[in-house]
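This report covers two sheets, one pocket and a few backbone details. Keep the model in view while reading.

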Amino acid sequence: MTILRSQLSLAKNFTRHLTKSKKVPVQLLQDFLPHGVKGQIIDVSPAFMRNVLHVGNKACYITKEHGPRIPVVKGQKIIQQSSSKKEPKIPEKPKDDTPALSLDELSSLFSNMKSSAKSKVQSFKATPDQMEPLVVEIKESVPQALTFSLKSSKAPITKATVADLIYKTSGVEIPKENIMLEDSNGKVVGDVSEVGEYKWIYTSSGGESIRRQITFY
């Protein structure tokens, strides 16, 4: 009975872990205790990434198209402890005489848990927004229209310049390679050297396009 309860507990924890959602992988570009250290890849909520880690360029997104920006560091979460506080003594638990499961038994247990979890989420279809965290960030944080002075930036305005202006305005970092510029006639242009209304377009890996207006005066 003790072994069965232990197996059921493992199964619940594993299923609960599989059904967690709304977290995105990011790589820390700076030490950010207690969550991790520079180079470490962690899972955080989009809001935490947007409001905390994006500020000061503390982290970057990890997507299918854009992997880690710096060498990956593997490490456990570091917990800061105050030297002035003494941790309470935790009473020792009685030793558990339950025999450990063999490798074959563990393999069989996790195979059954994976099959059970897969059947529960089989009918769920991920939307492009859930597959591409950057799409969510653009829709939530980047304004529909941006206006900049052409004189305040070095002409011509390139896609790299547009990406930098978007980042400074909204805190959303878009790779310049994923930005396309169009003039008012819908013609694709490589850069901007004259005042006027333009559009910048981002196309996700799922094929969804986001169009925003940008005006230079």
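A pocket here is an open set of grid points where a 1.4 Å probe fits, with protein on both sides within 12 Å along at least five of seven lines. Its volume is the space filled by probe spheres set on those points. The model is predicted.

## The second largest pocket

The second largest pocket holds about 400 Å³ of space. Its lining counts 20 residues. H66, R69, E173, I174 and P175 lie nearest the centre. Two elements give two or more residues each to this lining: β3 (59–61) and α6 (159–170). The largest share, 4 residues, belongs to α6. By class, the lining has 10 nonpolar, 7 charged and 3 polar residues.

Where does the second largest pocket lie with respect to domain 1 and domain 2? Domain 1 (19–76) and domain 2 (133–214) both give residues to its lining, so the pocket lies between them.

## P175 at the pocket

P175 is one of the residues nearest the pocket centre. Its place is the loop between α6 and β5. Leaving aside residues up to four places away in sequence, P175 touches H66 and L134. H66 is also among the residues nearest the pocket centre. P175 and D164 are 11 residues apart in sequence, and their C-alpha atoms are 9.4 Å apart in space.

## The five-stranded sheet

Strands of a sheet pair through backbone hydrogen bonds, either parallel or antiparallel. In this model, 5 strands form an open sheet with mixed pairing. The order is β4-β8-β7-β5-β6. Why is one side of β4 and of β6 left without a neighbour in the sheet? β4 (145–148) and β6 (188–189) stand at the edges, and each has a single partner strand, so one side of each stays without a neighbour.

β4 runs parallel to β8 (residues 209–216), and 4 bridges join the two. T147 has T215 in β8 as its bridge partner. A145 stands opposite Q213 in β8. β7 and β8 run antiparallel and are joined by 8 bridges. Y198 stands opposite I214 in β8. The two strands β7 and β8 form a hairpin with 5 residues between them. In that turn, G207 has a positive phi of about 95 degrees.

## Helices on the sheet

Which strands does each packed helix touch? Helix α5 (residues 133–141) packs on the five-stranded sheet, touching β7 (196–203) and β8. The direction of α5 makes about 40 degrees with that of β8. α6 also packs on this sheet, where α6 touches β4, β5 (179–182), β7 and β8. Its direction makes about 105 degrees with that of β5. Besides packing on the sheet, α6 gives 4 residues to the lining of the second largest pocket.

## The three-stranded sheet

A second open sheet has 3 strands in the order β2-β1-β3. The pairing is antiparallel. β2 (41–44) and β3 stand at the edges, each with a single partner strand, so one side of each is left without a neighbour in the sheet. From one strand to the next, the twist averages 40 degrees.

Strand β1 (residues 24–28) and β3 run antiparallel, joined by 3 bridges. L28 stands opposite A59 in β3. β3 also gives two or more residues to the lining of the second largest pocket.

## Backbone details

Two loops deserve a look. In the loop between β1 and β2 lies P34. A cis peptide bond joins L33 and P34, with omega about 5 degrees.

N57 sits in the loop between α2 (46–53) and β3. N57 has a positive phi of about 55 degrees although it is not a glycine.

Key:
Residues numbered from 1 in each chain as written. Predicted model: local features only at pLDDT ≥ 70, side-chain atom pairs only at ≥ 80, totals over all residues. Heavy atoms only, no water. 1 Å grid on protein atoms, 1.4 Å probe; cavity = no way out; pocket = protein on both sides within 12 Å on 5 of 7 lines; lining within 4 Å. Nonpolar A, V, L, I, M, F, W, Y, C, P; charged D, E, K, R; others polar. Domains from an automatic or database assignment. Pairing = 2+ DSSP bridges. Contact = heavy atoms within 4.5 Å. Axes fitted to C-alpha atoms, helices over the stretch in contact; angles between N-to-C directions.
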